[in-house]
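Subject: Structure handover

Hello,

Here is the structure I said I would pass on. Please open the sequence and the model side by side, and then read the notes below.

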Amino acid sequence: MSTTYDLITVGGGLGGAALAKAMAERGARVLVIERERRFGDRVRGEALAPWGVAEARTLGLEPLLRATCGHELRWIDLAFAGTQVSHRELAATTPQATGWMSFFHPAMQETVLEAAIKAGAEIRRDARVRAIEPGRTPAATVEHEGRTTTERARVVVGADGRASAVRKWGGFTVRRDPPRILFSGVLLDRHQAPDETSHIFFHPLIGRISLLFPQGGGRVRAYVGYHKDAAPPDAGRDVQCFIAESVRAGVDPNWYAEAIPAGPLAIFEGADHWVEHPYRAGVVLIGDAAATSDPTWGQGMSLTLRDVRVLRDALCGNDDWDRAAHAYAAAHDEHYGVIHRVDGWYSDFFMQIGDEADARRMRALPFIAEDASRIPDTPFIGPDFPAGDDVRARFFGE
Ligand SMILES: Cc1cc2nc3c(=O)[nH]c(=O)nc-3n(C[C@H](O)[C@H](O)[C@H](O)COP(=O)(O)OP(=O)(O)OC[C@H]3O[C@@H](n4cnc5c(N)ncnc54)[C@H](O)[C@@H]3O)c2cc1C
């Protein structure tokens, strides 16, 4: 059956828009269906790790982001139970030779979607996919401007985020980790945190973490993570409670003295949920739809861009898109598997509360104090570097 499109993406967030750009500029006919007329603050990722910046580079997005909304955080400061333990220049110590890139998520989304349009993709906004029919020429039922149409393509890509309906329509089975961390965030103006540095405050003794990602000009995306048994009832509802908990995690209260919210406060269940082998019968999943990683460790956007690059290369390298999409899905399981494993170690080490967790930290921390490289660098440098049992044993001082 002939199709109007090679590829339809359900969702035009980071994953859908980046894939649309990448495929349209290689000559594919791409349709993007995006629900939002304008993007708003949904409290999402606003710090791209160094390995994600490198992925953005390979997709031609890094210069665009830097020129529009990106702000480089060359440094990372780590504090443990209120004491600063390291001040690291990421741009000088990562293989990718860059720090984190921070941005306002909706501004990043508009930039990437605009780039997809320039590359030749067709975008329908304020439009909704209502159903998917998997198969040799999969179809999407689309509502737009009061009309319902059926659009067919060689592949349909579910890029519809952490609450993906494409997972269900495509017949995928979703796996979940047990609940462990609750993660909240809010955008603040007039914040006093140093502007070129990302800040992570671990406080495992009380099951807290706070992360600050400045965006320039006193604007900061602030997050607080809680062990699920240690979150106060107002954690995701009240900004003053959020600030108090960030200070408890170790942030200097003076940084918050004049801070005012610039967007909503929201709280999320942190546990990973994912699909194994995210391709079947003409339907591919990418980004959060394929694997929603625990936001505490800031890997979601980097994983999304890795999915986009790997899928683009597979589809552009093989006329048989069924085979190509299977190859993508196998590669996805590999790179997400590494990140998932190491994120789990971080959660065990930094967020677990109780006697056993305290004993593990007591054993490991003296070694880490002597050699901070015992903490695996995976969340900064990505899944291509060793992260086997020996790395875990070194981290845990075993
Ligand atoms: C609190 C929090 C903090 C985070 N912090 C970080 C961080 O610091 N660093 C990091 O790398 N990652 C972080 N993440 C993760 C990051 O936000 C996600 O991994 C990333 O946004 C995933 O992009 P996506 O394109 O897959 O999904 P989304 O960004 O969710 O995009 C999905 C799009 O699909 C559209 N859509 C959905 N259903 C339909 C439909 N039926 N029809 C049409 N359109 C539809 C939506 O409107 C949306 O635009 C964080 C996440 C959270 C929740």
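Which residues does Gln299 touch, not counting residues up to four places away in sequence? They are Ala49, Trp51, Ser293, Ile339, Asp343, Thr378 and Pro379. Before going further, note that this is a predicted model. Gln299 sits in the loop between S22 and H9. Its relative accessible area is 0%, and residues under 20% count as buried, so Gln299 is buried.

Helices H2 and H9

The loop that holds Gln299 leads to H9, and helix H9 covers residues 300-316. Helix H2, residues 50-58, has an axis that comes within 8 Å of the H9 axis. The two axes cross at roughly 35 degrees, and the crossing of H2 past H9 is left-handed. On the H2 side the contact is made by Trp51, Gly52, Glu55, Ala56 and Thr58. On the H9 side it is made by Ser302, Leu303, Leu305, Arg306, Arg309 and Arg312. Trp51 of H2 is also one of the residues that Gln299 touches.

Salt bridges

How many salt bridges does the structure hold? The count is 33. One group ties in with the helix pair above: Glu55, Arg306, Arg309 and Asp384 are linked in a network of salt bridges. Of these, Glu55 is among the H2 residues in the helix contact, while Arg306 and Arg309 are among those from H9.

Three further salt bridges are worth looking up one at a time.

- Arg361 and Asp358 form a salt bridge in which the closest N and O atoms are 2.8 Å apart. Both belong to helix H11 (residues 355-370); because they are 3 residues apart there, about one helical turn separates them. Arg361 is buried, at 3% relative accessibility, whereas Asp358 is partly exposed at 28%.
- Asp234 forms a salt bridge with Arg237, and here the closest N and O atoms are 3.1 Å apart. Asp234 has a relative accessible area of 35% and is partly exposed. Arg237 is exposed, with a value of 62%.
- Glu122 and Arg124 form a salt bridge with the closest N and O atoms 3.4 Å apart. Glu122 is partly exposed at 33% relative accessibility, and Arg124 is buried at 13%.

Strands

Strands of a sheet pair through backbone hydrogen bonds, and the pairing may be parallel or antiparallel. An open sheet of 3 strands has the order S12-S19-S22, with antiparallel pairing. Its edge strands are S12 (174-176) and S22 (291-292), each of which pairs on one side only. Strand S19, residues 273-275, is joined to S22 by 2 bridges. To find this pairing in the model, look for Trp274, which stands opposite Ala291 in S22.

Strands S5 (residues 75-80) and S6 (residues 83-89) pair in the antiparallel sense over 6 bridges. Here Phe80 stands opposite Thr83 in S6. S5 and S6 make a hairpin with 2 residues between the strands.

Positive phi angles

Where does Ala81 lie? Ala81 is in the loop between S5 and S6. Its phi is near 50 degrees, a positive value in a residue other than glycine. Ala81 is partly exposed, with a relative accessible area of 32%.

Ala97 also has a positive phi, of about 55 degrees, although it is not a glycine. Ala97 is found in the loop between helix H4 (90-93) and strand S7 (100-102).

Cysteines

A disulfide is a covalent bond between the sulfur atoms of two cysteines. How many disulfides does the structure hold? The number is 0. As for individual cysteines, Cys241 is buried, at 14% relative accessibility. Cys316 is partly exposed, with a relative accessible area of 36%.

If you want a place to start, select Gln299 and display the residues it touches, including Ala49 and Pro379. Then move on to H2 and H9 and find their contact residues, among them Gly52 and Leu303.

Regards

Methods
Residues are numbered from 1 along each chain as its sequence is written. This is a predicted model: local features need pLDDT of at least 70, side-chain atom pairs count only at pLDDT 80 or more; totals for chains, interfaces and linings use all residues. Side-chain values use heavy atoms; hydrogens and water are left out. A salt bridge is a side-chain nitrogen of Lys or Arg within 4 Å of a carboxyl oxygen of Asp or Glu. Buried means under 20% relative accessible area, exposed over 50%, partly exposed in between (1.4 Å probe, protein chains only). Helices (H or I, at least four residues) and strands (E, at least two) are DSSP runs, numbered from the N terminus. Two strands pair if DSSP finds at least two bridges between them. A disulfide is a pair of cysteine sulfur atoms within 2.5 Å. Axes are lines fitted to C-alpha atoms, for helices over the stretch in contact, and angles run from 0 to 180 degrees between N-to-C directions. A crossing is left-handed if the near helix is turned anticlockwise from the far one by less than a right angle, and right-handed if clockwise. Contact means heavy atoms within 4.5 Å.
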